[in-house]
Amino acid sequence: MIRREAAAGDRLIAVSGLRAGFGRPVVGPLDFTVDRGEVVGLRGPNGAGKTTVIEALIGEAGLFGGTIERPERVAIAYQRQRLPDVSGLPIAGTDIVRVMGVRPDDLPVPVRGRLDIRVDRLSLGQRQLLFVGVALAAPAALVILDEPTNNLDPEAVAEVVAAIKDGPKERGILLVSHDSRFVETVCTHTVEVRP
């Protein structure tokens, strides 16, 4: 069960003894917190359950033990590891920006010039940068990024690094990435995830 309590200072989420999975626990126990101003990285080998931890935090994976505490007023922006399938849908970046309540000027520069293009006509890297940029610019106190550098060239990775480092200090970020250089560059600390 996810418990929501009143905010205690700058704490955005507190995980204690988390055991999570689908049908059975596949990760945990795990303890960590994310406070305002922090960028916390989840590290571990493939299959360790990093994405499962994220899915437990947003209520998509089963919680088999432990607690997740998040003040009710804390909004979350989530960028999934797999890009949404928008094939054949007449959705442009402007539609996504509007729905998410994002100001175009808050997006990475390369994204701004492509907002009028249908999302299914963007390259994988352009789509990735759009969705990561929207998550980082969303009006949310907690941003969760699952493999944000997938499909990105070095220039686009630099845009994501800048968006994280120059973004609002009153938010917290939780991310998963296999790009160790990216993690070392942006994270204030990391948490090891083991199955």
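Buried means under 20% relative accessible area, exposed means over 50%, and partly exposed lies in between. The exercises below apply these classes to a predicted model.

**Exercise 1. Classify R11 and its salt-bridge partner by accessibility, and place both in the chain.**

Step 1. R11 has a relative accessible area of 33%, so this residue is partly exposed.

Step 2. The partner is D35, and the closest N and O atoms of the pair are 2.5 Å apart. That distance falls within the 4 Å limit for a salt bridge.

Step 3. D35 has a relative accessibility of 18% and therefore counts as buried.

Step 4. R11 belongs to strand β2 (residues 11-21) and D35 to strand β3 (residues 25-35). With their positions 24 residues apart in sequence, the pair links distant parts of the chain.

**Exercise 2. State how many salt bridges the whole structure has, and describe two besides R11 with D35.**

Step 1. A search of the whole structure gives five salt bridges.

Step 2. One of them joins the side chains of D106 and R103, at 3.1 Å from N to O. D106 is partly exposed, at a relative accessible area of 40%.

Step 3. Another joins R118 and D120, with an N to O distance of 2.7 Å. R118 is also partly exposed, at 23% relative accessibility.

**Exercise 3. Determine what surrounds E55 and whether its charge is paired or unpaired in a salt bridge.**

Step 1. E55 is in helix α1, residues 50-57.

Step 2. E55 is buried and has no salt bridge. The nearest side chain of opposite charge is that of R80, 5.0 Å away. A salt bridge requires a distance within 4 Å, so R80 does not qualify.

Step 3. Neighbours within four places in sequence aside, E55 is in contact with F22, E60, A61 and Y78.

**Exercise 4. Describe the largest nonpolar core and the elements that build it.**

Step 1. The largest nonpolar core has 35 residues, and I164 and L175 have the most contacts inside it.

Step 2. Two or more residues each come from α2 (93-100), α4 (124-137), β7 (142-146), α5 (154-165), β8 (172-176) and α6 (180-186). The largest share, eight residues, is that of α4.

Step 3. A second core, separate from this one, has 26 residues; I13, L42, A48 and V191 are among them.

Step 4. Returning to I164, and not counting residues up to four places away in sequence, its contacts are V39, L136, L145, R171, I173, L175, F182 and V186.

**Exercise 5. Contrast the burial of helices α4 and α5.**

Step 1. Take the spans. α4 has 14 residues and reaches 20 Å from its first C-alpha to its last, close to the expected 20 Å. α5 has 12 residues and reaches 16 Å, close to the expected 16 Å.

Step 2. In α4, 12 of the 14 residues are buried, so this helix is largely enclosed by the rest of the structure. Among the buried residues are R127 and Q128, as well as L129, L130 and F131.

Step 3. The buried residues of α4 pack against β6 (76-79), α2, α3 (109-112), β7, α5 and β8.

Step 4. In α5, the buried residues are A156, V157, V160, V161 and I164. They cover an arc of only 145° around the axis, so they lie on the same side of α5.

Step 5. The buried residues of α5 pack against β4 (39-43), α4, β7, β8 and α6.

**Exercise 6. Decide whether T94 and T149 are buried or partly exposed, and list their contacts.**

Step 1. T94 lies in helix α2. Its relative accessible area is 29%, so T94 is partly exposed.

Step 2. Apart from neighbours within four places in sequence, T94 is in contact with L115 and D116. From T94 to R112 the separation is 18 residues in sequence and 9.3 Å in space, C-alpha to C-alpha.

Step 3. T149 is in the loop between β7 and α5. With a relative accessible area of 10%, T149 is buried.

Step 4. Not counting residues up to four places away in sequence, T149 touches Q128, V157, S177, D179 and F182. Of these contacts, Q128 is a buried residue of α4 and V157 is a buried residue of α5.

Key:
Residues numbered from 1 in each chain as written. Predicted model: local features only at pLDDT ≥ 70, side-chain atom pairs only at ≥ 80, totals over all residues. Heavy atoms only, no water. Core = buried A, V, L, I, M, F, W, Y, C linked by side-chain atoms within 4.5 Å. Buried < 20%, exposed > 50% of the residue type's maximum accessible area, 1.4 Å probe, protein only. Helix = DSSP H or I, 4+ residues; strand = E, 2+ residues; numbered from the N terminus. Contact = heavy atoms within 4.5 Å. Lys, Arg positive; Asp, Glu negative; His and termini not counted. Expected span 1.5 Å × (residues − 1). Arc of directions from axis to C-beta.
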